[in-house]
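Reader: I am new to this structure and would like a close look at one part of it, taken slowly and with the reasoning spelled out. Could you choose a strand, follow what it pairs with, and then show me what lies around it?

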Amino acid sequence: MIKAIIVDDEPLAHQVILHHLESHSDIKVVSQHFSAKEALYQLAKSTIDVVFLDINMPELSGLELIQALANPPQIIIVSAYEEYALTGYELNVTDYLLKPVSAERLQQAINKVCERISQTPKCKSITLKIDREKRKLSLDKIKYIEAYGNYVKVHQEDQTILATTTLKQILEQLIGSFTQVHKSYIVNSSKVIAVTNEHVELDTGDKLKIGKSFKEQCKVLL
């Protein structure tokens, strides 16, 4: 799950971004802020993957916020002014969107976020509760994970394991390397070899149905 915050002094700007993000179940807006100072506090106490950031705000601008961070997360600037774009990119922002933001343009920006995440070092295993013990499973061996009531089925190359957790909880641990393609399925992105409008196909021969609300994010699997 990609954790995001929105920082903008205009409430309407928040509503627009939230509306566009409704179709992105892999992105969770953990908090909204109406000043850069508020956002600084949030960024200091928690790990955030991406910030949707306005520039012109009272007291502290969006650019000043970026400069104040020693290790900033990915930044998508959302501004009514194009003249700050060069400065933004010099600060290594992921993308620069002009208001009003379209769904298509936001999708392009999110694709860039996912691409950067995919290029960062990933964890190699996940620890799950299986029966009465905790067990570490190698992510490389997992083909896909299937929702099963209050449990999940972890489909590995050689066996399927029933784990005591939910798909939502697993998503929060698996940033970048796994993608939700259906309300009941998360796939190992590295094993996807084909994508149609209806299915994703894995290199193991498994074909999984794509949910209607997950079609956009499946487009970036290949």
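Author: Two strands pair if DSSP finds at least two bridges between them. With that in hand, and keeping in mind that this is a predicted model, we can begin with strand S1, which spans residues 2-7. S1 pairs with strand S2, residues 27-33, in the parallel sense, and 6 bridges join the two. One place to find this pairing is alanine 4, whose bridge partner in S2 is valine 29. The path from S1 to S2 passes through helix H1, residues 11-21, and the three elements together make a β-α-β unit that is right-handed.

S1 also pairs with S3, again in the parallel sense, here over 4 bridges. Valine 7 has leucine 53 of S3 as its bridge partner. As for its surroundings, S1 is largely enclosed by the rest of the structure, because 5 of its 6 residues are buried.

From S3, which covers residues 50-53, the chain continues into a loop that leads to helix H3, residues 62-68, and serine 61 has its place in this loop. Is serine 61 buried or exposed? Its relative accessible area is 16%, and since buried means under 20%, serine 61 counts as buried. Leaving aside neighbours within four places in sequence, serine 61 is in contact with Ala36 and Ile55. Lysine 37 is 24 residues away from serine 61 in sequence, while the C-alpha atoms of the two are 9.1 Å apart in space.

The loop between S3 and H3 also holds aspartate 54, and here the side chains begin to join separate stretches of the chain. Aspartate 54 meets lysine 99 in a salt bridge, with 3.7 Å from N to O. Because lysine 99 lies in the loop between strand S5 (95-98) and helix H5 (103-119), whereas aspartate 54 lies in the loop between S3 and H3, the pair ties together parts that are 45 residues apart in sequence. The two partners are not equally accessible: aspartate 54 is buried, with a relative accessible area of 4%, and lysine 99 is partly exposed, at 24%. Nor does this pair stand by itself, for Asp8, Glu10, Asp54 and Lys99 are linked in a network of salt bridges.

Moving on to S5 and H5 themselves, we come to another salt bridge, between arginine 105 and aspartate 95, whose closest N and O atoms are 2.8 Å apart. Arginine 105 belongs to helix H5 and aspartate 95 to strand S5, so this pair ties together parts that are 10 residues apart in sequence. Aspartate 95 is buried, its relative accessible area being 0%, while arginine 105 is partly exposed, with a value of 25%.

For a contrast in accessibility, consider glutamate 133 and arginine 135, whose side chains meet in a salt bridge of 2.8 Å, N to O. Glutamate 133 is partly exposed at 40% relative accessible area, and arginine 135 is partly exposed as well, at 30%. For the model as a whole, the count of salt bridges comes to 9.

To set beside the parallel pairings of S1, there is an open sheet of 3 strands in the order S13-S14-S15, with antiparallel pairing. Its edge strands are S13 (192-195) and S15 (207-209), each of which pairs on one side only. From one strand to the next, the twist averages 25°. S13 and S14, residues 199-202, are joined by 3 bridges, and alanine 194 has glutamate 201 of S14 as its bridge partner.

Note on methods. Residues numbered from 1 in each chain as written. Predicted model: local features only at pLDDT ≥ 70, side-chain atom pairs only at ≥ 80, totals over all residues. Heavy atoms only, no water. Buried < 20%, exposed > 50% of the residue type's maximum accessible area, 1.4 Å probe, protein only. Contact = heavy atoms within 4.5 Å. Right-handed = clockwise from strand over helix to strand, strands pointing away. Axes fitted to C-alpha atoms, helices over the stretch in contact; angles between N-to-C directions. Salt bridge = Lys/Arg side-chain N within 4 Å of Asp/Glu carboxyl O.
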